Amino acid sequence: GLALRMADRPKSVAAWRAAMPSIEGAAASPASGEAAPLRGLPLSRRGLLLAGGGLVVAGGAAFALFSRDTSLSSSARPLRIAWSKRVAHLLNEPYAGLALAGSSALIGAHRVGDDGAEHLLALRIGETGHVSGTFEFPEPGSRAHAIIPAADGGAYVAGESGSASVLARLDKDWKSIWIQKYGDGSISSLVTRDGGVVAGLEGPTGSGMGKLLFLGENGAVEHSAPMADMQGDSVQGIAQLPGGDFAVLGMRVAEDGSFAWVARRPPKGEEVWRKRMPGLGYTNGWGIAAAHGKIYITGRTKSGDDDAGYRVFVMRLNPENGDMEWGLRNYGRTPSSGRGLAVSGEGSAARLYIAGWTGNPHASWWGQIGPNGDLLWEHSDPPARGTSMGAAAIALAGDGTGFGVVREDQADGKVWLTLQRFT
């Protein structure tokens, strides 16, 4: 009913009913074409309002496609901040990586060194805030954007150094075992695989050339999987699907603006499908998660040229064909952006959490998304006068405990990377 082209929309109330299986017990329209009364509309389950055969969307800010879903809990469990700890002085946007290793947080980011330049930084910080591992890349002009734990207690941390993408393998004592450099660009995301890792390459600015790099235990490239329509594409995130395929979140940079896309890619062979995010206009995709047979993505979108119009969006996709099952963009205040997603728990008890920022000046923003994209709760921390804050990543354990990374812009001009502990 919200299709952009009028020809794609239902032509009658009867056609609308046929496409809406959640309207239980609705009578068929008489042959005369008169609308039959709607019966058995499960409002308490769907939260859906129908008027004259149309979907009523409050304020024109939201869009939604609903389907029955038992993969996420409808029970709210707010995050509680136990402590906050500044961990690095930045120059600007962190695009930080965050992962869990037991009860510790692994952070991949950068900090400003004594030489005034950025240096790739990897940290391991425990649940009490104790730093148990620090690795700093000596080359100036380096940053980390992704980090994942290794089976031996170490980690893989990746990003960029100068114009080259870089990956470092750390041991359990947080010392480098090896460091590998690849082509121009930056590694934006990492996932583990048998005998190595898969790295998502964000191509150099202006050219794209995003691809997946399949790397062995020593970091050597075993093979690469260029994304179709490479020019102007870059990989922003990877999530592993059951069966070994990968869901890849990317961005297309073109003369008429950018837009987010999602593709399903096997380790070898052609893409299974690729979908541009529909109806969003200018779009940045920042976070992707795969859980319980679904793909979730978040980011920001705007319909005009004014950056003040950015809004958070969250979507759920069917991994079989990439179709959007629901999508909403009415979270937070304007402007706003989603930056990270985390799924906590298993089965019908799983909970989907989102991290980002909202308002102007920016405030850190956290929330929980329900089964049909509904916002179960939200929380933002108003910044002090002259400052701004924005959540950049979130990682949670099955019991709901975990960590979040926040960027703080202070009144004195300094930018800090802050770790928050959730209980």
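Which residues does Ser 336 touch, not counting residues up to four places away in sequence? There are seven names to find in this predicted model: Arg 300, Tyr 310, Arg 311, Val 312, Tyr 331, Trp 357 and Thr 358.

## A closer look at Ser 336

Start with its place in the chain. Ser 336 belongs to strand 24, which covers residues 336–344. Its relative accessible area is 0%. Buried means under 20%, so Ser 336 counts as buried.

The side chain of Ser 336 also has a polar atom to follow. That atom lies 3.2 Å from the backbone oxygen of Arg 333. Find Arg 333 in the structure, then trace the gap to Ser 336.

## The chain as a whole

Now step back. The chain has 423 residues, and 53% of them count as buried. Its secondary structure includes 2 helices and 30 strands.

Contacts give another view. Take the contacts in the chain with a separation of 6 or more. Residues 24 or more positions apart account for 46% of them. The surface can be described too. The accessible surface of the chain comes to about 18,200 Å². Carbon and sulfur atoms hold 50% of that surface.

## A sheet of four strands

One open sheet has 4 strands. Their order is 12-13-14-15, and the pairing is antiparallel. Which strands stand at the edges? They are strand 12 (186–193) and strand 15 (221–226). Each has a single partner strand, so one side of each is left without a neighbour in the sheet. Neighbouring strands here are turned by 20 degrees against each other on average, direction ignored.

Look at one pair in detail. Strand 14 spans residues 211–215 and runs antiparallel to strand 15. How many bridges join the two strands? The count is 5. Leu 212 offers a place to look: its bridge partner in strand 15 is Ala 225.

## Salt bridges across the sequence

A search of the whole structure finds 15 salt bridges. One of them links Arg 111 with Glu 136. Their closest N and O atoms are 2.8 Å apart. Arg 111 lies in strand 5 (residues 104–112), and Glu 136 lies in strand 7 (residues 131–136). The pair therefore ties together parts that are 25 residues apart in sequence. Arg 111 is partly exposed at 25% relative accessibility. Glu 136 is partly exposed too, at 32%.

Another salt bridge joins the side chains of Asp 323 and Lys 275, at 2.6 Å from N to O. Asp 323 sits in the loop between strand 22 (311–317) and strand 23 (324–331). Lys 275 sits in strand 19 (residues 273–276). These parts are 48 residues apart in sequence, so the salt bridge ties together separate parts of the chain. Asp 323 has a relative accessible area of 37%, which makes it partly exposed. Lys 275 is also partly exposed, with 26%.

## A buried pair and a network

Are Arg 407 and Asp 409 buried or exposed? Both are buried. Their side chains meet in a salt bridge, with 2.6 Å from N to O.

Salt bridges can also share partners, as in one network here. Which residues does the network join? They are Asp 245, Arg 264 and Glu 320.

Definitions and conventions. Residues numbered from 1 in each chain as written. Predicted model: local features only at pLDDT ≥ 70, side-chain atom pairs only at ≥ 80, totals over all residues. Heavy atoms only, no water. Pairing = 2+ DSSP bridges. Axes fitted to C-alpha atoms, helices over the stretch in contact; angles between N-to-C directions. Buried < 20%, exposed > 50% of the residue type's maximum accessible area, 1.4 Å probe, protein only. Polar contact = N/O pair within 3.5 Å; in protein donor to acceptor, adjacent residues only side chain to side chain. Contact = heavy atoms within 4.5 Å. Salt bridge = Lys/Arg side-chain N within 4 Å of Asp/Glu carboxyl O. Areas by Shrake-Rupley, 256 points an atom, 1.4 Å probe, with all protein chains shown as cover.
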